[in-house]
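Me: Got a minute to go through this model with me? I'd like to start with one loop residue and work outwards.

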Amino acid sequence: MLLKVWSGIFLLGCAIVDVKTNKVYQNICIINYLIALIAKVIFSKFYFQSLVISLCMCAILFLIAVLTKQAIGYGDVFVILTLTGILNVKSTVEIFFFALLVCCVFSIVILLTRKGSMKSTLPFVPFLLAGDFIWIVLGEFYV
């Protein structure tokens, strides 16, 4: 439960900054990631395989960011990496897909109401926060 609260507070802070400045402070992400890794080592919850998978997943997202000229921003990749440290890869993937679903619905509404175009950009961290909230509320019910 404490990790869910940590992830929510972390995402809330990042979402506020992302909406106001369109930036994600990568040093905050790295500090949280390192604290999470240290805590996992101390409490014997550290698994090397999970670390490798999370780094590979984020490397792929980073490559996508480079190839698409930041359709997903570098800061978003750092936030997702931090979530893998705080929670785990499985939970982060679930949160990511909930975030994509919410973002998709929001984008369709924006397009239908003509408040934006296909070229419009949206900060993604608020959607990660929404995905985190959905993940916490639904728990294991959606499986």
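**Chatting through the fold**

Reply: Sure, and keep in mind that the model is predicted. Let's begin with L87: setting aside neighbours within four places in sequence, L87 is in contact with L3, K4, S7, K40, T92, I95, D132 and W135.

Me: Where does L87 sit, and is L87 buried or exposed?

Reply: L87 is in the loop between α4 and α5. With a relative accessible area of 7%, L87 is buried, because anything under 20% counts as buried.

Me: And how far is L87 from L63?

Reply: C-alpha to C-alpha, L87 and L63 are 23 Å apart in space, with their positions 24 residues apart in sequence.

Me: OK, zooming out. How many helices and strands does the protein chain have?

Reply: The protein chain has six helices and zero strands. Reading from the N terminus, the order is α-α-α-α-α-α. The radius of gyration is 15 Å, close to the 15 Å from the globule rule for 143 residues, so the protein chain is as compact as a globular protein of that length.

Me: What box do the C-alpha atoms fill?

Reply: Roughly 50 × 35 × 25 Å, taken along the principal axes.

Me: What share of the residues is buried, and what about contacts between residues far apart in sequence?

Reply: Buried residues are 35% of the 143 in the protein chain. Of the contacts with a separation of 6 or more, 72% are between residues 24 or more positions apart.

Me: Now the core. Which residues have the most contacts inside the largest nonpolar core?

Reply: Those are V79, I80 and L128, in a core of 33 residues. The elements giving two or more residues to this core are α1 (2-21), α2 (26-42), α3 (48-67), α4 (74-86), α5 (89-112) and α6 (125-138). As background, nonpolar side chains tend to be buried together in soluble globular proteins.

Me: What does V79 touch?

Reply: Not counting residues up to four places away in sequence, V79 touches F10, L11, C14, V24, C29, V125 and L128. L128 turns up again here: V79 touches L128, and both are among the residues with the most contacts inside the core.

Me: Switching to the loop between α2 and α3. What's F46 doing there?

Reply: F46 has its place in that loop, between α2 and α3, and counts as partly exposed at 32% relative accessibility. Beyond its neighbours within four places in sequence, F46 contacts L37, K40, V41 and L51.

Me: L51 then: which element is L51 in, and which residues does L51 touch?

Reply: L51 is found in helix α3. Leaving out residues up to four places away in sequence, L51 touches Y33, L37 and F46. L51 counts as buried at 16% relative accessibility.

Me: How far apart are L51 and L37?

Reply: Their C-alpha atoms are 9.0 Å apart in space, and L51 and L37 are 14 residues apart in sequence. For another pair, F46 and K69 are 34 Å apart C-alpha to C-alpha, with a sequence separation of 23 residues.

Me: Any backbone oddities? What about phi of S44 and Q70?

Reply: Phi of S44 is near 55 degrees, a positive value in a residue other than glycine. Q70 also has a positive phi, near 65 degrees, and is not a glycine either. In general, most residues other than glycine have a negative phi.

Me: And where do those two lie?

Reply: S44 is in the loop between α2 and α3 and is exposed, with a relative accessible area of 60%. Q70 is found in the loop between α3 and α4 and is partly exposed, at 42%.

Me: Let's do the surface. How much area does the protein chain expose, and what supplies it?

Reply: About 9,100 Å² is exposed, and carbon and sulfur atoms supply 75% of it.

Me: How many charged side chains are there?

Reply: There are 10 positive and 5 negative side chains in the protein chain, and the centres of the two sets lie 8 Å apart.

Me: Last one: where's L100, and how far is it from L81?

Reply: L100 is in helix α5 and counts as partly exposed at 34% relative accessibility. The C-alpha atoms of L100 and L81 are separated by 16 Å, and these two residues are 19 apart along the chain.

Notes
Residues are numbered from 1 along each chain as its sequence is written. This is a predicted model: local features need pLDDT of at least 70, side-chain atom pairs count only at pLDDT 80 or more; totals for chains, interfaces and linings use all residues. Side-chain values use heavy atoms; hydrogens and water are left out. Helices (H or I, at least four residues) and strands (E, at least two) are DSSP runs, numbered from the N terminus. The radius of gyration is taken over C-alpha atoms; the globule rule is 2.2 Å times the number of residues to the power 0.38. Buried means under 20% relative accessible area, exposed over 50%, partly exposed in between (1.4 Å probe, protein chains only). Contact means heavy atoms within 4.5 Å. Accessible areas come from the Shrake-Rupley method with a 1.4 Å probe; for residues, only the protein chains shown count as cover. Lys and Arg count as positive and Asp and Glu as negative; His and the chain ends are not counted. The place of a charge is taken as NZ of Lys, CZ of Arg, CG of Asp or CD of Glu. A nonpolar core is a set of buried Ala, Val, Leu, Ile, Met, Phe, Trp, Tyr and Cys residues joined through side-chain atoms within 4.5 Å.
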